[in-house]
Amino acid sequence: MEAYSGFAEVYDMFMDNVPYREWSQYLTSLLRESQISGGLVLDLGCGTGKMTRLLAQAGYDMIGVDNSEEMLQIAREQEEESSDILYLLQDMREFELYGTVQAVVCVCDSLNYILEEEDLLSVFLLVNNYLDPGGLFLFDMNTLFKYRVILGENTICENREEGSFIWENFYDEEEQINQYDLTLFVRDGVNRNLYRKYEETHFQRGYELHRVRELLEEAGMEFAAMYDAYTKEPVRKDSERVCIIARERGKRPQRNFCGNYIEKKKVGQVNE
């Protein structure tokens, strides 16, 4: 089953412990430190668009990309009439835009869903290609510590009036991949006494942080900083999430994921 097909309906309910507003303020402060106070910003793996909408409220012209049609449908339904957010149903490993953006953000460990280094490099190459010269790339990732110690081989359950889930984790140390099996019970919209059952399997990979930096630099970006979660504190051995900042160098054309060199696209230029 495609990830987030059933979970999309209750995603925001079960993710209400995520401090999206605080995270958006953190991202906005980093953007403004780099003199990016407006203009086009891409939200990769935007999901139901919570972060996308918060950044739009902060004054950015937002584009949201996600490969879950169900999640994007919810994002569009929650969009205000006055909003002009552009949502695109695309895989981040091969997304296409009409021009460049001033910044790219990717939150809630979306990049951990990329299971192969080659694919992660493809994402970084594409991000670099679609960034304005000197543009900023801000993203977070779950750490290997989190998969090994916090999630691995553990089961998480939650029961609420509108839905319940059982989240079983299985971590493969050799592959550095965490498999989690979700069993969801979602309250029926018509008959409130019935719950629909969904089952999904998700996979996320943990990466050595030094390797993430190497891949960013291989993609042509300048590594700027790495912090513990959404702070300015250094990464610790027990950090569960890290925030990484990279910048487009603006000095040379970059390779696409096929290994060919491509010129930087100008805003408004359509791919042929």
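In this predicted model, the side chain of Tyr113 makes a polar contact with the side chain of His202, at 3.1 Å. Tyr113 sits in the loop between β4 and α5. Its relative accessible area is 22%, so Tyr113 is partly exposed, because the buried class ends at 20%. Tyr113 also comes close in space to a residue far along the chain: its C-alpha lies 6.3 Å from that of Phe203, although 90 residues separate the two in sequence.

The overall architecture comprises seven helices and 13 strands. The protein has 272 residues, and 52% of them count as buried. Contacts between residues at least 6 apart in sequence were also examined. Of these, 64% join residues at least 24 apart. The exposed surface amounts to about 13400 Å². Carbon and sulfur atoms supply 46% of that area.

Aromatic rings were considered next. A pair of such rings is described by two quantities, the distance of the centres and the angle of the planes. The model holds 10 aromatic pairs. One of them joins Phe95 and Tyr130. Their ring centres are 5.5 Å apart, with 40° between the planes, and the pair is tilted. Phe95 belongs to the loop between β3 (86-89) and β4 (101-106). Tyr130 belongs to helix α5 (residues 117-130). The two residues are 35 apart in sequence, so their pairing ties together separate parts of the chain. Phe95 has a relative accessible area of 1% and is therefore buried. Tyr130 is buried as well, at 3% relative accessibility.

Helix α5 also contributes Phe124 to a pair with Phe139. The ring centres of Phe124 and Phe139 are 5.8 Å apart. Their planes meet at 40°, so this pair too is tilted, because tilted covers the angles that are neither under 30 degrees nor over 60. Phe139 lies in strand β5 (residues 131-142). Phe124 and Phe139 are 15 residues apart, and their pair links distant parts of the chain. Both residues are buried.

Ring pairs also build a cluster. Its members are Tyr20, Trp23, Tyr26 and Tyr230.

Technical notes. Residues are numbered from 1 along each chain as its sequence is written. This is a predicted model: local features need pLDDT of at least 70, side-chain atom pairs count only at pLDDT 80 or more; totals for chains, interfaces and linings use all residues. Side-chain values use heavy atoms; hydrogens and water are left out. Rings of Phe, Tyr and Trp (its six-membered ring) pair if their centres lie within 6.5 Å; planes under 30 degrees apart count as stacked, over 60 as edge-to-face and the rest as tilted. Helices (H or I, at least four residues) and strands (E, at least two) are DSSP runs, numbered from the N terminus. Buried means under 20% relative accessible area, exposed over 50%, partly exposed in between (1.4 Å probe, protein chains only). Contact means heavy atoms within 4.5 Å. Accessible areas come from the Shrake-Rupley method with a 1.4 Å probe; for residues, only the protein chains shown count as cover. A polar contact is a pair of N or O atoms within 3.5 Å; within protein, one must be able to donate a hydrogen and the other to accept it, and residues adjacent in sequence count only if both atoms are side-chain atoms.
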